[in-house]
Amino acid sequence: MDDDDLRYMTEALELAREGWKLGEVPVGALVVRGGRVIGRGFNHPIAAHDPTGHAEVMALRDAARTVGNYRLPGCTLYVTIEPCAMCAGAIFHARIARVVYGAPEPKTGAAGSVVDLFAEARLNHHAEIVGGVMAEQCGGLVSAFFAEKRQARKATA
């Protein structure tokens with residue numbers, strides 16, 4: 001972890017907060033190549049009626065449009081929560097070189113929490129994984145979101 005990782009994770013957290021404002025689970029992601037952010041995204045499967053509307057997929061789509069290619073070699077994906085299996089697959093297909101995530105995801109994490117697809121030798125692409133960058137802030141944001149949802153349900157019950 002270096003200063004760039006902290007700077008970009010801070011930006012990913014801001015994207016996550018944008019999602020929260022829209023009622024989405026607050027996860028943010030961005031794609032960086034050569035010190036330049038080329039893709040941004042936050043969770044929005046609810047508003048978009050899109051089960052693939054995860055922050056990572058949105059950031060990868062944005063980056064691919066920016067560079068005009070679905071392959072994104074040499075890029076780093078920053079995401080506030082450990083990627084799920086679907087997002088890991090998209091990361092593999094995009095040929096992302098490095099994934100930096102904040103908090104682990106104990107229910108669906110595919111970078112070691114539940115399964116470790118990135119360590120699966122039979123797959124044809126592997127990305128370097130760095131986990132735990134600003135984990136408390138990233139995980140705390142999701143925890144606060146769900147606490148707010150539970151409180152709202154109690155108030156209406």
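Trainee: Is Tyr78 buried or exposed?

Mentor: Tyr78 counts as buried, because its relative accessibility is 3%. Buried means under 20% relative accessible area, exposed means over 50%, and partly exposed is in between (1.4 Å probe, protein chains only).

Trainee: Anything I should know about the model?

Mentor: This is a predicted model: local features need pLDDT of at least 70, side-chain atom pairs count only at pLDDT 80 or more, and totals for chains, interfaces and linings use all residues. Residues are numbered from 1 along each chain as its sequence is written, and side-chain values use heavy atoms, with hydrogens and water left out.

Trainee: Back to Tyr78. Which ring does Tyr78 pair with?

Mentor: Tyr8. The ring centres of Tyr8 and Tyr78 are 5.2 Å apart and the planes are at 45°, so this pair is tilted. Rings of Phe, Tyr and Trp (its six-membered ring) pair if their centres lie within 6.5 Å; planes under 30 degrees apart are stacked, over 60 edge-to-face, and the rest tilted.

Trainee: Where do the two residues sit?

Mentor: Tyr8 is in helix α1 and Tyr78 is in strand β3, so the pair ties together parts 70 residues apart in sequence. Helices (H or I, at least four residues) and strands (E, at least two) are DSSP runs, numbered from the N terminus. Tyr8 is buried too, at 4% relative accessibility.

Trainee: How many aromatic pairs are there?

Mentor: Four. Another one is Phe145 with Phe146, an edge-to-face pair with 5.1 Å between centres and 80° between planes. Phe145 is buried at 3% relative accessible area, while Phe146 is partly exposed at 35%. Trp20, Phe145 and Phe146 make one aromatic cluster.

Trainee: New topic: α1. Which of its residues are buried?

Mentor: Asp5, Tyr8, Met9, Ala12, Leu13, Leu15, Ala16, Gly19 and Trp20. They cover an arc of only 165° around the axis, so they lie on the same side of α1. The arc is taken from the directions from the helix axis to the C-beta atoms.

Trainee: Why would residues a few places apart point the same way?

Mentor: An α-helix has 3.6 residues a turn, so residues three or four places apart point the same way.

Trainee: What covers that buried side?

Mentor: The cover includes β1, β2, β3, β4 and α5. The face turned away carries the exposed residues Asp3 and Lys21.

Trainee: And the ends of α1?

Mentor: At the start, a side-chain oxygen of Asp2 comes within 3.0 Å of the backbone nitrogen of Asp4. Just after α1, Gly23 has a positive phi of about 85°.

Trainee: What about the core?

Mentor: The largest nonpolar core has 45 residues. Met9, Leu30, Val31, Leu72, Ile96 and Phe118 have the most contacts inside it. α1 gives the most to this core, with seven residues. A nonpolar core is a set of buried Ala, Val, Leu, Ile, Met, Phe, Trp, Tyr and Cys residues joined through side-chain atoms within 4.5 Å.

Trainee: What does Ile96 touch?

Mentor: Leaving out residues up to four places away in sequence, its contacts include Val31, Leu60, Leu72 and His125. Contact means heavy atoms within 4.5 Å.

Trainee: Last one. Is Arg98 buried or exposed?

Mentor: Buried, with a relative accessible area of 16%. Arg98 is in strand β4. A polar contact of 2.8 Å joins its side chain to that of Asp5. A polar contact is a pair of N or O atoms within 3.5 Å; within protein, one must be able to donate a hydrogen and the other to accept it, and residues adjacent in sequence count only if both atoms are side-chain atoms.
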